[in-house]
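User: I am new to this structure and would be grateful for a close look at a single part of it. Please give one connected account of how the side chains there are arranged.

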Amino acid sequence: MKIRKAVFPVAGLGTRVLPATKAMPKEMLTIVDKPLIQYVVDEAKEAGIEHFIFVTGRNKGVIEDHFDRMYELDATLAARGKKAEQEILARDQPAAGAMSFTRQQAPLGLGHAVWCARDIVGNEPFAVILPDELVLNTPGCLAQMIEAAGKLGDKSNVIAVEAVPDHLTHQYGICGVGKRLGSKMFEVDGMVEKPPKGTAPSNLSITGRYILQPEIFRILETQERGAGGEIQLTDAMIGLARTQSFYGVEFEGERHDCGSKAGFLRANIAFGMARPDLRDGLRAEMKAYLEK
């Protein structure tokens, strides 16, 4: 099963981190020295993704600009002899035609955002990556999922899962655990979006990484609104699971919810400490602050 395309739903308003996102897309908020969106695109590149599809909304044009060339900046850096900075920009520059952008005109939920990419994805399996969820690990979460998908049949779907405290399962989409296929992968035995307290089939939450078959689009086209009055991707996956297999992958790595203020701050520290060029300085700064 070859996965060539990835969908990035980036039309959300980022209300959990206002006022930072009043005029700036949350996907452009920086973790250390890169915007969130760059991290997930890099994760997709590492996994072998060839085509990057962004489902955007109003005031999100800066995301498209970020992945374009800025000739004035290139010329200024060249004139000042800043070769290291030029190399960084060149490294992050996508190939011509590798990125597509489409609009989600109304905030109708994640399922609707994925459906908006249907014509660009076409009739092939694809990945979905939520940009406000970062996973700190090498290899990345999507690379782990694609490796797992390579052991499955052609019409298989894969979701990334992680354990959450039992008393918090009502805040997540939760999957049931069926037959184990090794220590990190299992057949998904049912899914439920935000189950009432005490009713969750497991403590494994569905996180922001998916590998889906194109038949999901036919279900999303007529999907009714679910939790929060939105078209939920989990509801569509439940429908698809009636005819196709779903598998869960317990990925290796540290997940960070950058859509919350606490999670955003935690991610900055974690990704900073993971950088050899920053680790010692960051540790010294934190120690000095705590000793005040």
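Analyst: A salt bridge is counted here when a side-chain nitrogen of Lys or Arg lies within 4 Å of a carboxyl oxygen of Asp or Glu. The model is a predicted one. Under that definition, Arg 69 and Asp 74 are joined through their side chains by a salt bridge, with N and O 3.1 Å apart. The two partners differ in cover: Arg 69 has a relative accessibility of 42% and is therefore partly exposed, while Asp 74, with 19%, is buried, because the limit for burial is under 20%. Apart from this pair, Lys 2, Arg 4, Lys 5, Glu 50 and Glu 124 belong to one network of salt bridges that share partners. In total, the rule gives 17 salt bridges.

The network leads to strand S1, the part examined here. Lys 5, a member of that network, is also one of the residues on one side of S1, together with Val 7 and Pro 9. In a regular strand, side chains alternate between the two faces of the sheet. Strand S1 spans residues 5-9, and 5 of its 5 residues are buried. On the other side from Lys 5, Val 7 and Pro 9 are Ala 6 and Phe 8, and both faces of the strand are covered.

Strand S1 has neighbours to which it is joined by bridges. It runs parallel to S4, and 5 bridges connect the two. Within this pairing, Phe 8 has Phe 54 of S4 as its bridge partner. Strand S1 also runs parallel to S6, with 3 bridges between them. Here Val 7 is placed opposite Val 128 of S6.

The partner of Phe 8 in S4, Phe 54, introduces the aromatic side chains. Phe 8, Phe 52, Phe 54, Phe 67 and Phe 101 make up one aromatic cluster. Counted by the rule for rings, there are 6 aromatic pairs in the model. One of them is formed by Phe 54 and Phe 101, whose ring centres are 4.8 Å apart and whose planes meet at 10°, so this pair is stacked. Phe 54 belongs to strand S4 (residues 51-56) and Phe 101 to strand S5 (residues 99-103), so the contact between these rings ties together parts of the chain that are 47 residues apart in sequence. Phe 54 is buried, with a relative accessibility of 0%. Phe 101, at 27%, is partly exposed.

A second aromatic pair involves S6, the other strand joined to S1. Phe 126 and Phe 217 are stacked as well, with 5.1 Å from centre to centre and 10° between the planes. Phe 126 lies in strand S6 (residues 126-129) and Phe 217 in helix H8 (residues 216-221), so this pair ties together parts that are 91 residues apart in sequence. Both Phe 126 and Phe 217 are buried.

The region after S6 and the loop after S1 are also linked by charge. Side chains of opposite charge can pair when their charged atoms come close. Asp 132 forms a salt bridge with Lys 26, and the closest N and O atoms are 3.0 Å apart. Asp 132 is in the loop between S6 and strand S7 (133-136), whereas Lys 26 is in the loop between S1 and strand S2 (30-31); the two residues are 106 residues apart. Asp 132 has a relative accessible area of 12% and is buried. Lys 26, at 17%, is buried too.

A further salt bridge reaches the loop that follows S2. Arg 275 and Asp 33 meet through their side chains at 3.2 Å, N to O. Arg 275 is in the loop between helix H10 (261-273) and helix H11 (279-290), and Asp 33 is in the loop between S2 and strand S3 (34-35), so the pair ties together parts 242 residues apart in sequence. Both partners are partly exposed: Arg 275 has a relative accessibility of 25%, and Asp 33 has 47%.

Charged side chains also meet rings in this model. The charged end of Lys 34 is placed over the ring of Tyr 39, 4.4 Å from the centre of that ring. Likewise, the charged end of Arg 118 sits over the ring of Trp 115, at 3.7 Å from its centre.

Methods
Residues are numbered from 1 along each chain as its sequence is written. This is a predicted model: local features need pLDDT of at least 70, side-chain atom pairs count only at pLDDT 80 or more; totals for chains, interfaces and linings use all residues. Side-chain values use heavy atoms; hydrogens and water are left out. Rings of Phe, Tyr and Trp (its six-membered ring) pair if their centres lie within 6.5 Å; planes under 30 degrees apart count as stacked, over 60 as edge-to-face and the rest as tilted. Helices (H or I, at least four residues) and strands (E, at least two) are DSSP runs, numbered from the N terminus. Buried means under 20% relative accessible area, exposed over 50%, partly exposed in between (1.4 Å probe, protein chains only). A charge sits over a ring if NZ of Lys or CZ of Arg is within 6 Å of the ring centre and within 35 degrees of the ring normal. Two strands pair if DSSP finds at least two bridges between them.
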